[in-house]
Amino acid sequence: MATSNLISKSLGGILQESGNGSPDHISPMGSLYVNQDNAVLYVNNDGHLSWQDVNKNSYGNMYVTGNTTAITSVVTNTWYVLSGATWSGSSNDGITFSGGNDVLVVNTGRNGKYLAVANGRINRQTANAVYQIGISLNGANPANGFFHNSSTNTTETTSVITVVGMFNLSDGDTMQLAARNITTTNNILVSEASLTLLKIANI
């Protein structure tokens, strides 16, 4: 609902405002507005029509369990997004799980600094190998610092890799997991995996 019954008071260059409905009016950057219908507080972040809900936390999660579909025709040291498995999404607010693309998507108005936590269980295939799992932003290869590696062998037939990092995310950005084999052309089988995003600050 558009803003109605708008009341504004100047506070040295910014405005403190209240009214009914979500803000859709122009105010100086940094101005505060309270929607009296639901006590939600907004801050103007561009000096025009853009308002950020400061009460709202954004978070999202996707996971896969019991996957038996391996990535085949592997080229050594090449990243592959973890698609083809049956991913599920849960506990999402401001982050959309896109099952058809196996990604988490930042909703409109939820840009910010996010903490990302990922993990995956790699299963040994026909020979010993060293694998990496990383976090992919907008389909790109995981950047340095956003992937880790572990190995599988005849004694340790599975290995769990965990990756934690912070990302500045914009509306519409996508996040997903990727994996690569850095020593052989063995298939890549990630049987369990998850990716969680939590907004920790505005930017």
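I looked up the contacts of Asp24 in this predicted model. Leaving out residues up to four places away in sequence, I found that Asp24 touches Ala2, Thr3 and Leu49.

I then checked where Asp24 sits. I found Asp24 in the loop between strand S2 (15–20) and strand S3 (32–35).

Is Asp24 buried or exposed? I noted a relative accessible area of 41% for Asp24, so I entered this residue as partly exposed, since that class lies between the 20% and 50% cut-offs.

Next I followed the link from Asp24 to Thr3. I recorded a polar contact of 3.2 Å between the side chains of these two residues, Asp24 and Thr3.

I turned to Thr3 itself. Thr3 belongs to the segment before strand S1 (4–10). Its relative accessibility came out at 17%, so I entered Thr3 as buried, because the limit for that class is under 20%.

What else does the side chain of Thr3 reach? I found the backbone oxygen of Ser22 at 2.8 Å from the side chain of Thr3. The side chain of Thr3 thus has two entries in my notes: the backbone oxygen of Ser22 and the side chain of Asp24.

I listed the contacts of Thr3 as well, leaving aside neighbours within four places in sequence. They are Asn20, Gly21, Ser22, Pro23, Asp24, His25 and Tyr33.

Last, I took one long distance from Asp24. From C-alpha to C-alpha, Asp24 and Ile182 are 51 Å apart in space, and 158 residues separate them in sequence.

Methods:
Residues numbered from 1 in each chain as written. Predicted model: local features only at pLDDT ≥ 70, side-chain atom pairs only at ≥ 80, totals over all residues. Heavy atoms only, no water. Helix = DSSP H or I, 4+ residues; strand = E, 2+ residues; numbered from the N terminus. Buried < 20%, exposed > 50% of the residue type's maximum accessible area, 1.4 Å probe, protein only. Polar contact = N/O pair within 3.5 Å; in protein donor to acceptor, adjacent residues only side chain to side chain. Contact = heavy atoms within 4.5 Å.
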